Amino acid sequence: MNTTDQYLSEFHKVLNLLPLSTIEELIAWLHDARLNGNQVFIMGNGGSAATASHFVCDLAKSTRRQGWPNFRVIGLTDNVAIMTAYANDEGYENIFANQLANFVRPQDIVIAISGSGNSRNVLRAIEMARSCGARTVALTGFNGGMLGRMVHLNIHIPCNRMEIVEDLHLMIEHMVSSALRQLTETGKIQVDAGAPAETSLADQLFASFTGKDLPPLSTENSRDLLANLSIELAQQVNLHELLVRAMQITLTMVQAASGTIIVLDEAGEVVDGALALYGQVVDHPIQRLVEIYHEGLAGWVAQHREAVLIPNTRDDPRWLQRDYEYKSIDSRSAISVPLMTQDRVVGVATLVHPKPGHFRMEDMAFLAAITQMISYSFKTRGMVTPQDPS
């Protein structure tokens with residue numbers, strides 16, 4: 001066997017060992033960062049620096065799509081002036097950490113690419129990132145080095161040949177960028193390295209909220225409904241129609257009887273929303289939503305920025321007792337989740353069932369997944385087209 005054959009043989013052998021589930025987790029993290037406006041920082045040395053720059057280029061350009069937010073991605077390898085200034089004055093080991101110190105925030109993603117996993121400048125940057133509450137990711141080779149043990153998510157290539165490690169790191173970068181682009185087109189992720197693995201956006205959001213796989217849904221087509229909703233929210237022009245559609249799908253998915261999606265402006269005032277009674281979305285004066293928000297559970301959720309599951313509304317003082325809907329029943333169950341864009345509450349989604357103890361944590365996770373989609377849609381529209389308060 002000649003040298004070329006040996007190289008290809010080893011490459012294919014290692015290719016079959018790619019950690020696909022970890023790669024899919026990185027895709028979900030990056031998609032979440034995109035929707036929430038978190039920054040992504042990427043770095044490496046030598047060939048890994050080239051891969052880092054390539055990754056930045058693909059995330060910044062190749063994933064762009066009208067109606068979707070762009071990635072806020074920064075390459076720490078690309079400013080020669082700042083790198084050489086830090087290297088000359090403060091030491092080469094600080095060239096990445098000192099750049100991060102100016103920008104990194106909690107929930108940002110910091111990706112370090114290192115074949116050995118032992119580059120001091122990369123290790124110091126990860127220490128900086130973790131101290132600031134950022135999520136850390138590594139692409140490593142060999143035995144993973146110190147880096148693999150420091151990060152939250154390690155995509156490890158178990159190979160001692162640097163060229164093959166770097167080949168596969170670049171391949172992973174392309175897989176991730178391609179999957180993120182597919183999400184904007186179809187609402188589904190497909191990571192293909194041999195056998196295809198397809199994951200809907202609903203699955204990704206649910207997993208990111210609960211750390212679990214998506215449980216059985218209430219109807220046969222619910223997975224498709226939620227995946228389609230993600231596309232509709234990216235394309236829907238009228239905010240109120242978007243809210244009505246989201247309310248309809250949410251009721252179906254968790255078998256709720258009633259509910260509200262309330263939208264708030266920058267001053268925290270109710271500007272729009274959707275109201276459902278007896279399983280149907282109904283027309284309503286906006287004053288009814290104002291009452292629900294200021295006197296009931298939704299206001300508490302917005303104020304505390306906290307999702308709530310109430311097994312029995314009769315026993316919870318946060319619940320507003322109203323004089324309509326299921327008058328003969330004085331006890332219900334409810335779930336309520338805030339809609340967030342970065343650090344601001346832009347609304348609250350609440351679902352109600354006429355029987356106590358109906359909702360589970362999985363139901364609240366579904367609602368949280370949908371609120372993530374709606375919150376992203378609000379950001380792209382700048383909270384436009386409020387309902388006429390007639």
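**A short tour, starting at T77**

Select T77 and S53: their side chains are joined by a polar contact of 3.2 Å (a pair of N or O atoms within 3.5 Å; within protein, one must be able to donate a hydrogen and the other to accept it, and residues adjacent in sequence count only if both atoms are side-chain atoms). Before going on, note that this is a predicted model, where local features need pLDDT of at least 70, side-chain atom pairs count only at pLDDT 80 or more, and totals for chains, interfaces and linings use all residues. Residues are numbered from 1 along each chain as its sequence is written, and side-chain values use heavy atoms, leaving out hydrogens and water.

Stay with T77 and add D78, since another side-chain polar contact of 3.2 Å joins these two. T77 sits in the loop between strand 2 (72-75) and helix 4 (80-90); helices (H or I, at least four residues) and strands (E, at least two) are DSSP runs, numbered from the N terminus. Is T77 buried or exposed? T77 is buried, with a relative accessible area of 11% (buried means under 20%, exposed over 50%, partly exposed in between, with a 1.4 Å probe and protein chains only).

Next, select residues 333-341 and 344-353. These are strand 12 and strand 13, antiparallel over nine bridges; two strands pair if DSSP finds at least two bridges between them. Click I335 to find its bridge partner in strand 13, L351.

Now widen the view to the open sheet of six strands, ordered 10-9-8-13-12-11 with antiparallel pairing. Its edge strands are strand 10 (280-282) and strand 11 (308-310), each pairing on one side only.
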